[in-house]
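Q: I'm new to this structure and would like a close look at a single part of it, the nonpolar core. Could you walk me through that part and show how the rest of the chain fits around it?

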Amino acid sequence: MSKFYRCECFASHNVFLAKYRLHVKYQNERQFWNDYEGVLKEKGMKDRGNVLELVKSEVQRRLNLDEMITKNTEHAKKNYVPLHPQILSYKREWFDPKFIELAEVCADGLLSKSQIIQRYLEEIGAEIYTIRALKPEFCAKLVQELDNFNDKILERSRPNTMNTSGVIVEEFGLLDFCKPGDLRAAISDIQDYLSRVVRLWHRLS
């Protein structure tokens with residue numbers, strides 16, 4: 001059985017107060033008001049109690065998230081019928097051939113940074129590169145599946161306070177797609193090799 005770990009700061013950091021467009025940290029009331037009362041008043045806060053309730057509610061949601069995800073996952077399994085069940089499990093065929101080839105050449109470690117960029121990547125900004133990982137037909141089916149899930153399943157968790165339309169992969173049924181060792185290995189090979197060649201390129205230049 002897989003184990004997932006979470007940083008201790010998960011429950012206390014980056015709580016987003018949408019009304020005030022502000023990310024806050026909450027450890028206790030004294031710390032919170034010392035850090036944020038001034039800026040919240042500048043942003044129009046009238047009711048301290050309401051703000052504190054919003055923050056505490058989000059902290060508690062995060063503390064209970066594992067239990068909530070387990071409950072919602074069981075609910076979805078019993079009540080949700082996928083539109084495209086074939087996309088919910090890992091298949092190599094869903095990936096763009098160029099992405100698969102890039103993972104393989106990175107695993108071999110024989111190409112230079114310039115060769116990788118020229119053959120596989122598109123530069124969209126200064127030292128910012130992109131590559132298509134998933135085929136368009138998979139992405140289209142995934143979006144349809146997400147929309148259908150959001151329409152049909154009311155009992156679902158939010159990934160974070162800024163995200164009102166995202167889903168948790170366990171609840172959605174996509175965890176099996178994300179688990180396989182070869183998928184993680186492909187991403188890891190690309191990440192590890194590119195980070196090494198970029199560090200080397202910066203040292204040489």
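A: Let's start from the outside: the protein chain exposes about 13500 Å², and carbon and sulfur atoms supply 52% of that area. Keep in mind that this is a predicted model. Turning inward, buried residues make up 34% of the 205 residues in the chain.

Now for the overall layout. The chain has nine helices and four strands, and if you read along the sequence you'll meet them in the pattern β-β-α-α-α-α-α-β-β-α-α-α-α. As for how the chain folds back on itself, take the contacts with a separation of 6 or more: 60% of them are between residues 24 or more positions apart.

That brings us to the part you asked about. The largest nonpolar core holds 28 residues, and Leu-102, Ile-116, Phe-149 and Phe-172 are the ones that touch the most other members. Which elements build it? Those giving two or more residues are helix H4 (97-108), helix H5 (113-120), helix H6 and helix H9 (181-204). H4 gives the most, with six residues. As a bit of background, nonpolar side chains in soluble globular proteins tend to be buried together.

Zoom in on Leu-102 and you can follow the links yourself. Leaving out residues up to four places away in sequence, Leu-102 touches Ile-116, Tyr-120, Leu-121, Ile-131 and Ile-190. Apart from this core lies another one, made of 15 residues, including Tyr-20, Met-45, Val-51 and Leu-52.

While you're in this stretch of the sequence, have a look at the two strands here. Strand S3 (residues 122-125) and strand S4 (residues 128-130) pair in the antiparallel sense over three bridges. For one of the residues involved, Glu-123, the bridge partner in S4 is Tyr-129. Together S3 and S4 form a hairpin with two residues between them. Glu-127 sits in the turn and has a positive phi of about 60 degrees.

Finally, back to helix H6, one of the elements that feed the core. H6 covers residues 136-152, and Lys-152 lies in it. Is Lys-152 buried or exposed? Lys-152 counts as exposed, because its relative accessibility is 56% and the cut-off for exposed is over 50%. Lys-152 also gives you a nice example of chain positions brought together: Lys-152 and Ala-76 are 76 residues apart in sequence, yet their C-alpha atoms are 9.4 Å apart in space.

Key: Residues numbered from 1 in each chain as written. Predicted model: local features only at pLDDT ≥ 70, side-chain atom pairs only at ≥ 80, totals over all residues. Heavy atoms only, no water. Buried < 20%, exposed > 50% of the residue type's maximum accessible area, 1.4 Å probe, protein only. Core = buried A, V, L, I, M, F, W, Y, C linked by side-chain atoms within 4.5 Å. Contact = heavy atoms within 4.5 Å. Areas by Shrake-Rupley, 256 points an atom, 1.4 Å probe, with all protein chains shown as cover. Pairing = 2+ DSSP bridges.
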